[in-house]
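Trainee: I have a new model open on my screen, and I would love some help reading it. Shall we go through it together?

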Amino acid sequence: MATIEECRSALDKLSDNMAGANGDVRSAASLDRSLSCRITDLDITFVGRLRDGRIVVLDTVEGPPPEKAEIRLAMTGDDLVAMVAGELHFAKAWGSGRVKLEAGLRDLMRLRKLL
């Protein structure tokens, strides 16, 4: 089972990857939205913002997020680490229910370019 530190490191790496992206991926990542990433097996949530193509983690809270973010992710820590490492494809994990992504329709349409 991935640790909190490994999950935080994976989010930082994902942020770096998005910041270095070009074209449609860079455009999709340039949203300014509140974001939560719930790590179900650790019962923690990283709360922050997707801004300027980066994920900015503002807090780590126990349990579910205190407020409903505009973009919400939920998965196990192992799945987060595997996705960022390129060992698990997001679309496949999302389609099988291993990863949950919730957002408004307009944001989902933009975010699909990241997938």
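Mentor: Happily! Let us begin with D107, which touches L31, R33 and I71, leaving aside residues up to four places away in sequence. Keep in mind that this is a predicted model.

Trainee: Is D107 buried or exposed?

Mentor: First place D107 in the chain: it belongs to helix α5, residues 105-111. A residue counts as buried when its relative accessible area is under 20%. The value for D107 is 8%, so D107 is buried.

Trainee: Which pattern do the helices and strands follow along the sequence?

Mentor: Start by counting the elements: the protein chain has five helices and five strands. Then read them in sequence order, and the pattern is α-α-β-β-β-β-α-α-β-α.

Trainee: What radius of gyration does the protein chain have, and what would a compact globule have?

Mentor: The C-alpha atoms fill a box of roughly 35 × 30 × 25 Å along the principal axes. For 115 residues, a compact globule would have a radius of gyration near 13 Å. The protein chain agrees with that, because its own value is 13 Å.

Trainee: How many of the eight residues in helix α3 are buried, and which ones?

Mentor: Helix α3 spans residues 77-84 and is mostly covered. The cover over its buried residues includes α1 (4-19), β1 (33-39), β4 (71-75) and α4 (90-95). Six of the eight residues are buried: G77, D79, L80, A82, M83 and V84.

Trainee: Which residue just after α3 takes a positive phi?

Mentor: Look just past the end of the helix, where the phi angle is about 85°. The residue there is G86.

Trainee: How is the aromatic pair in this structure arranged?

Mentor: A search of the whole structure finds one aromatic pair. F90 and W94 form it, with 5.9 Å from centre to centre and 40° between the planes. Planes under 30 degrees apart would count as stacked and over 60 as edge-to-face, so this pair is tilted.

Trainee: Where do F90 and W94 lie?

Mentor: The two residues are four apart in the sequence, about one turn of the helix. Both are in helix α4.

Trainee: Why does W94 count as partly exposed, and what about F90?

Mentor: Partly exposed covers the range between the buried limit, under 20%, and the exposed limit, over 50%. F90 has a relative accessible area of 15%, so F90 is buried. W94 falls in the range between because its relative accessibility is 35%.

Technical notes. Residues numbered from 1 in each chain as written. Predicted model: local features only at pLDDT ≥ 70, side-chain atom pairs only at ≥ 80, totals over all residues. Heavy atoms only, no water. Rg over C-alpha atoms; globule rule 2.2 N^0.38 Å. Buried < 20%, exposed > 50% of the residue type's maximum accessible area, 1.4 Å probe, protein only. Contact = heavy atoms within 4.5 Å. Phe/Tyr/Trp six-rings, centres within 6.5 Å; stacked < 30°, edge-to-face > 60°.
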